[in-house]
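Subject: The structure you asked about

Hi,

Here is the structure for you to open alongside this message. Have a look at it first, and then read on for what turned up.

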Amino acid sequence: MADYWEDVGVRSYDAETGEYTVSPVNRPDECYRLPRIYICFSAENPVNFAERVKDAIQARKQSRSQLEYNLFIASIPLDVEALPKLDEASVDSIIVNIARGNPDAIPMEKQQQLRTQVENLHAQSVSKEIHRPILLLRVHQTANSDPTTLDADSSDFDGEISSVSSPDWSDQGSTENGRSAGSRDDFLRSLKIIRTKFLFTQRPIIDAMGVVIEKCQEMAEESFFLFDTPPLTLQDFQEAQSLQIAAIMTIIKGEWYDSIIEGLLEYFTKAGTWYNVDVDNWSVYQCSKLSVFITLVKFHMESCIRSTVTKSCTAFADYLAKACRSHDSRDSLETEHPIFLITLSISAEEGPHYTTPLEAFETTLQAIYAKPIDACHRIDQLEPRMLTKFKFPKDMYLSSLGFMEENATVPQEKLRAALHVAVSPLRDYAKQFEQYVEFYKLDVDQSIQEFTEANHPAVEVKDIIADHLAYLEKLENEIPDNVIMEPFLVDITDLKSHLVDKCRDLCDGICGSFENRLSSMMREAMLTYEYWYATLCESHQAVEKYMELVNKLDTIPALVQEQDKNIRVMQQDYEILDFFKVLMKETSLSIKYEALVWPYRIKTKLDNFIDKIEQELDKFRRIQTKDEVTLQEKLSSIFSWFTQLVEQQDMDKVHEFGNEFRRAWKQLNEIDDYGKLLNMRQETEAKKKFEEKNNEDKS
């Protein structure tokens with residue numbers, strides 16, 4: 001465009017660059033982008049526009065002059081070696097502050113680098129703040145008094161000052177006594193204002209704030225919750241977290257709170273009257289630096305508490321949510337670090353259920369989550385503890401994270417959603433144990449009694465025991481001791497032990513009942529053996545009894561053989577118990593093997609009994625012969641006595657004769673019975689000899 005004013009029309013405005021797009025009125029096809037300073041609107045006062053353009057031109061000239069002047073001052077050479085050095089004590093103090101009170105933790109090589117860096121920074125500061133302002137003042141004085149003295153040959157400025165014009169200092173004003181605004185009086189006045197209005201103008205106050213910041217940083221590293229604990233029940237987990245929260249709150253209300261107050265009181269004593277905690281005028285206190293500083297400290301403490309609570313609650317929610325998500329997005333059912341220990345059980349009323357209701361987890365964990373938030377709203381402020389001359393309400397507490405704030409509600413909702421996802425697989429897993437409810441309700445004693453009353457055949461008993469043992473193996477193999485479904489470790493040990501023990505008791509009861517039945521049958525079968533054995537063991541005085549037993553001896557071996565065959569058939573039922581490796585009772589084993597021994601015992605006893613009979617028969621024969629002689633003698637005696645009685649004729653002795661006849665008749669009857677006995681013995685002996693002869697002939 002030409003260097004003259006021209007009427008234009010505004011087409012558009014770019015807010016980002018602040019430029020207008022305009023077109024001349026007589027050349028509408030041309031467009032130009034101009035800043036606001038080059039455009040005077042028709043509705044605008046031209047005088048104001050001209051003043052604005054004038055001020056802009058002057059400001060540009062002043063800025064250019066200032067830049068050239070500063071570059072000139074910065075190029076003035078300085079003798080760095082002549083600058084004052086920083087003493088060693090100050091350097092050591094700086095190193096200690098850098099190392100946070102432990103300089104030994106920094107290697108010597110690193111310490112030397114820090115010392116060199118500190119000395120260089122000190123030299124630069126001294127150069128900038130002392131030497132260069134002195135040279136600047138010399139340039140001002142020379143330029144104001146006689147600018148012609150600053151020629152290009154000046155040895156102090158190396159010929160550069162001739163092309164530099166000093167900035168216009170007229171706008172800085174002057175004092176009433178003619179001194180410049182940068183004089184020492186103005187500096188002291190400004191320093192006094194700064195010390196009055198600003199807090200950190202004294203070393204003790206800076207150190208006091210350092211104590212507050214340090215304590216707050218230490219507290220910010222604490223956590224209200226425990227992480228990476230072993231699997232705990234919900235009650236134990238709640239107790240552990242409550243103890244941790246109580247411990248942190250004890251530190252906050254005790255050690256942390258007291259250390260801040262002690263540090264502040266110590267440095268307030270060094271700071272002077274502006275920080276007098278014994279002030280007793282509330283208006284004075286409100287206008288003092290002490291009030292501002294305590295308020296600032298309160299903000300730091302509230303920020304620290306808020307940050308700690310927010311960090312802890314967020315970490316707690318993330319900790320649980322991560323475990324729940326790892327289960328929800330599991331590649332396998334089991335993960336590595338469960339948090340909660342929960343026990344699965346079965347009852348007749350509820351069926352499969354968890355000893356800790358799943359609904360209790362959300363309620364309890366929400367309560368644990370809210371506990372530190374609630375506790376941190378009851379931390380006392382500093383003023384009631386430090387300002388003892390005033391009375392304050394008892395409920396003056398520091399503010400903290402609110403329950404309805406986003407930093408509290410977002411993790412809480414995250415925790416709730418994660419728990420909802422985590423408990424759903426637990427319900428599905430509990431349903432898998434519904435197949436064991438009927439067996440859980442089973443009465444073992446009643447089942448064993450029904451089995452005993454049914455009196456199943458041995459084949460059916462074997463199938464029944466096999467079925468129960470198969471079910472026992474299924475319980476042991478299919479039910480694990482525990483299963484990890486993060487964040488839960490499901491403990492099934494007690495339930496598995498109960499079902500397995502119940503099934504084992506049922507198997508043992510059925511086997512025991514079958515064992516008792518076999519023992520009873522064996523005992524009944526052995527009664528025949530015992531009867532025969534007792535018969536063979538009896539001792540008889542009369543030979544007739546032995547003669548009767550002789551007639552039965554031939555039948556006993558056949559009967560024993562038949563009975564032994566029956567017992568061996570029953571012995572085969574014991575193989576069922578041996579097949580299942582049942583440990584039988586000692587009495588049952590004794591009966592089992594005693595039944596096998598009885599035939600041998602009967603045979604042995606029978607052989608002994610035959611020998612005994614032979615001996616008794618020999619004895620009988622001798623006695624028989626003797627008895628026959630005795631019988632003949634009695635007959636001869638009774639005949640002679642009857643002869644004498646017949647010859648008696650004395651009638652006076654009739655009664656005596658009658659008594660004698662009765663006695664003789666009685667003896668005669670006895671002799672008759674005795675004779676019949678002898679005849680029967682002879683017949684039995686003769687019959688035995690006849691049978692022996694027939695047996696010999698047959699053989």
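**Around Ser513**

Leaving aside neighbours within four places in sequence, Ser513 is in contact with Ile448, Phe451 and Thr452. With Thr452 there is also a polar contact, 2.5 Å between the two side chains. Please keep in mind that this is a predicted model, so all of this describes a prediction. Ser513 itself is found in helix 15, which covers residues 493-537. Is Ser513 buried or exposed? Its relative accessible area is 12%, and because buried means under 20%, Ser513 counts as buried.

**The chain as a whole**

Stepping back, the protein chain has 20 helices and 7 strands. Of its 699 residues, 35% count as buried. Among contacts in the chain with a separation of 6 or more, 71% are between residues 24 or more positions apart.

**The sheet**

Three of the strands are easy to follow by eye: strands 1, 2 and 3 form an open sheet in the order 1-2-3, with antiparallel pairing. Strand 1 (8-14) and strand 3 (32-35) stand at the edges, and each has a single partner strand, so one side of each has no neighbour in the sheet. From one strand to the next, the twist averages 35°. Strand 1 pairs with strand 2 (residues 19-24) over 6 bridges, in the antiparallel sense. If you want a spot to zoom in on, try Tyr13, which stands opposite Tyr20 in strand 2.

**A hairpin further along**

Strand 4 (residues 340-347) and strand 5 (residues 351-354) are also an antiparallel pair, here over 4 bridges. Together they form a hairpin, with 3 residues between the two strands. Within this pair, Ile346 has Pro352 in strand 5 as its bridge partner.

**Helix 9**

Next on the tour is helix 9, residues 358-375. How far apart should its ends be? At 1.5 Å a residue, its 18 residues should span 26 Å, and the end C-alpha atoms are 27 Å apart, which agrees. There is nevertheless a kink of about 25° in helix 9, at Tyr369, shortly before the proline Pro372. Both Tyr369 and Pro372 are buried. Other buried residues of helix 9 include Leu358, Phe361, Leu365, Ile368 and Ile373, and the polar residues Thr364 and Gln366 are also among them.

Happy to go through any of these places with you on screen.

Best wishes

How values were computed: Residues are numbered from 1 along each chain as its sequence is written. This is a predicted model: local features need pLDDT of at least 70, side-chain atom pairs count only at pLDDT 80 or more; totals for chains, interfaces and linings use all residues. Side-chain values use heavy atoms; hydrogens and water are left out. Two strands pair if DSSP finds at least two bridges between them. The expected span of a helix is 1.5 Å times one less than its number of residues. The bend at a residue is the angle between axes fitted to the seven residues ending there and the seven starting there. Buried means under 20% relative accessible area, exposed over 50%, partly exposed in between (1.4 Å probe, protein chains only). Axes are lines fitted to C-alpha atoms, for helices over the stretch in contact, and angles run from 0 to 180 degrees between N-to-C directions. A polar contact is a pair of N or O atoms within 3.5 Å; within protein, one must be able to donate a hydrogen and the other to accept it, and residues adjacent in sequence count only if both atoms are side-chain atoms. Contact means heavy atoms within 4.5 Å.
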